[in-house]
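Student: Hi! I've got a structure open and would like to talk it through with you. Can we start with how the chains meet?

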Amino acid sequence: TIARDPLRIIILIAGAFFWLVSLLLSSLIWFIAVKASDPNDEPLQKGLLIFGVMFSVLLQEAFRFLYYKLLRKAIEGLVALSEDGCSPISIQQMAYVAGVGFGLMSGAFSMINLLADALGPGTVGIYGDSQLYFLTSAFMTMVLIFLHTFWGILFFHGCENRRWWEIAAVVVMHLAVSGSTFCNPLYVGSLVPSYMLMAIAATWAYLLSGGSAQNVRRFLLCKSCSVTGTWYLAGLVPSGLPGRSWVSAGGHRVVSVGG
Amino acid sequence: MMITFMNNSDSEEEPCNERTSLMSAESPPVPSYQDGLQASEAGEAQTHRKRRTGGSHSPNNAADGNMSGSSVPVRESASENEEEELTLKYGAKHVIMLFVPVTLCMIVVVATIKSVRFYTEKNGQLIYTPFSEDTPSVGQRLLNSVLNTIIMISVIVVMTVFLVLLYKYRCYKFIHGWLILSSLMLLFLFTYIYLGEVLKTYNVAMDYPTLILVIWNFGAVGMICIHWKGPLQLQQAYLIMISALMALVFIKYLPEWSAWVILGAISIYDLMAVLCPKGPLRMLVETAQERNEPIFPALIYSSAMIWTVGMAKPDTAARGPSQQTWDTAEDGRENHRSPSHSDSEILETRSPVPTHPITSLEELEEEERGVKLGLGDFIFYSVLVGKAAATASGDWNTTLACFVAILIGLCLTLLLLAVFKKALPALPISITFGLVFYFSTDNLVRPFMDTLASHQLYI
């Protein structure tokens, strides 16, 4: 859904870049804090780590907001440049792509060193750690990537329609998910709530994107037109779709409706 | 405009001096250029297509009214407005057309670095970096690397100026010979070494006759593709390959700190060489544009589609000879009617362009305007990412961060290109981002991520 359109690829890479910058800044803060503190004090280090994680989450959401602002400006530019006054990409699609960008970068940074080490020789959990380390890491990364995607949609929708509680909900969810990982290696404490939150976020984002229960039913029952069915499900077809389109606060139609 | 030059010399130790530049495919149209339409050489076809960009397909009906105007200057001014719109509209596509080769080159370099140990072993240095970095004190090491950089940059400057002088005084044969010699060396010698090392790593045996056959074929086809005509994708693939090979040579033979200082210095040099009025690269591109000649194809990666005869349309057979007629018909409504029926068919169907465009021609027009990126850009991007892969202890995170940073830098550079419409240096922004991200990721993010991963925390 992204690789076909060059504009989306650019937005994806830019989203990854924003996540990277937020990570950079948060690790800078953590690094300074750690260097300024006593390295032998265990609880303090743990506390600093928790602080680092929370701060990083907040910073990620802040950068998501900054990215939203940038994309708004970009849409205005694209509308001005296009011949028929509509932007070639809608804000919902941008939200989706931005979410995927964040998620991919977050997942890559979490997982890739693990994967590289997994190629080499070794035994999992030889020092008494959990033997399911790789598996649970994989699942956790997957759920985070999905969550970032959904949070992107929710966040942008909240910013578009000025519903601050949506934005706050996204931030709280992110904090909750990161906080739940503190229960690791008690994996039931982290994976289960994360998946439940993902299901909630998924349905919420789906409903916001214009999907509905009928669409799901139509998708599941309509085998012959499965391609269109998928698009109905995704709710991402910008034009001619019997779904809601976002109307920004000024009453100005954001979604381009084509022929 | 930016130009990239690759000056190779005969011996293995002498590196290629690269200059980098990014050039928009739309050079200012010149009326007399229509005479140059007769030449069907690939490079000239590219610049020719640059000239045609104004008349390319536009869904804007008002602009099409301009297209049927007979006076060329009027059409040119209208087409320039169209060009601007179309440039920005298709800008995303061009960015992706450059993302893909840069990504491929980096992937090749990183894959080689990670798997073939030869390129990370220190086996001596080039004569261009005579000062060793094995000194005990930090200050001495820094001094040595700065001296190395100064020597390297001055070599590059001298070679560039030499090349520009040769170009200015029309010593084309010399330049062509130089380029051919250098690409010969790259294609044969470096490929031989590379292949040897890869085979060694994977413990695959290959006998000499097979080796000679493979390398000979690879090199010969490469020479033809790069310097003469060939399918565009093959030419692009070869350019990517030689950029990757060159980058690997740099990664192997440049000492640690010198490499980073050289990267920084060359982006500053690039900035000055392209933007200053007396900069050698700027003079080169301006001279090339004055003479309406393409820059040597061996030095520039072009993302524009070249007119290939095998288009998937039934009347493709007529495309070759009708190329000129189509172009001139586009330009001034002069129909050089060629005898074949399909030609006139093409010409007739070209007229109602706004209402019923031919798909393949439309595709062609859309894909014609490409962006050119100098090979030196490829090389230095890959050197940065390769060095990050080779020397960073954070391994893949740092590599990934540098990769994203370079892509974003390239994106921004292309954006500036669309705004300014002249040749721009492609190195500074990307290399700055890349360096910043490399050092910060390696020193700041890595401990953070390692601590998180050891506790299995997720942010």
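Tutor: Happy to! This is a predicted model, and in it chain B and chain A bury about 3800 Å² between them, with 76% of that on carbon and sulfur atoms.

Student: Which three residues of chain B supply more of its buried area against chain A than any other three?

Tutor: Those are Gln456(B), Tyr458(B) and Ile459(B), which supply 23% of the area that chain B buries against chain A.

Student: And how many residues are in contact?

Tutor: On chain B there are 39, in contact with 45 residues of chain A.

Student: What about polar contacts and salt bridges between chain B and chain A? How many of each?

Tutor: There are 8 residue pairs in polar contact, both residues at pLDDT 80 or more, and 0 salt bridges.

Student: Which element gives the largest share of the side of chain B that touches chain A?

Tutor: That's α16(B), with 15 residues.

Student: Switching to Phe182(A): where is it?

Tutor: Phe182(A) lies in the loop between α5 (164–180) and α6 (187–208) of chain A. Leaving out residues up to four places away in sequence, Phe182(A) touches Ile50(A), Val53(A), Met54(A) and, from chain B, Leu457(B).

Student: Why does Phe182(A) count as partly exposed?

Tutor: Because its relative accessibility is 23%, and partly exposed runs between under 20% for buried and over 50% for exposed.

Student: Last one: which residues form the nonpolar patch on the surface?

Tutor: Phe131(B), Leu142(B), Leu143(B), Val146(B), Leu147(B) and Ile150(B), together offering about 490 Å² of accessible area. Of these, Leu142(B) sits in helix α5 (residues 138–168) of chain B and is partly exposed at 44%.

Notes
Residues numbered from 1 in each chain as written. Chains lettered and ligands numbered in written order. Predicted model: local features only at pLDDT ≥ 70, side-chain atom pairs only at ≥ 80, totals over all residues. Heavy atoms only, no water. Helix = DSSP H or I, 4+ residues; strand = E, 2+ residues; numbered from the N terminus. Buried < 20%, exposed > 50% of the residue type's maximum accessible area, 1.4 Å probe, protein only. Contact = heavy atoms within 4.5 Å. Patch = residues over 30% accessible without salt bridge, like charges linked within 9 Å, V, L, I, M, F, W, Y side chains within 5 Å. Areas by Shrake-Rupley, 256 points an atom, 1.4 Å probe, with all protein chains shown as cover. Salt bridge = Lys/Arg side-chain N within 4 Å of Asp/Glu carboxyl O. Buried area = accessible area lost by both parts, 1.4 Å probe. Polar contact = N/O pair within 3.5 Å; in protein donor to acceptor, adjacent residues only side chain to side chain.
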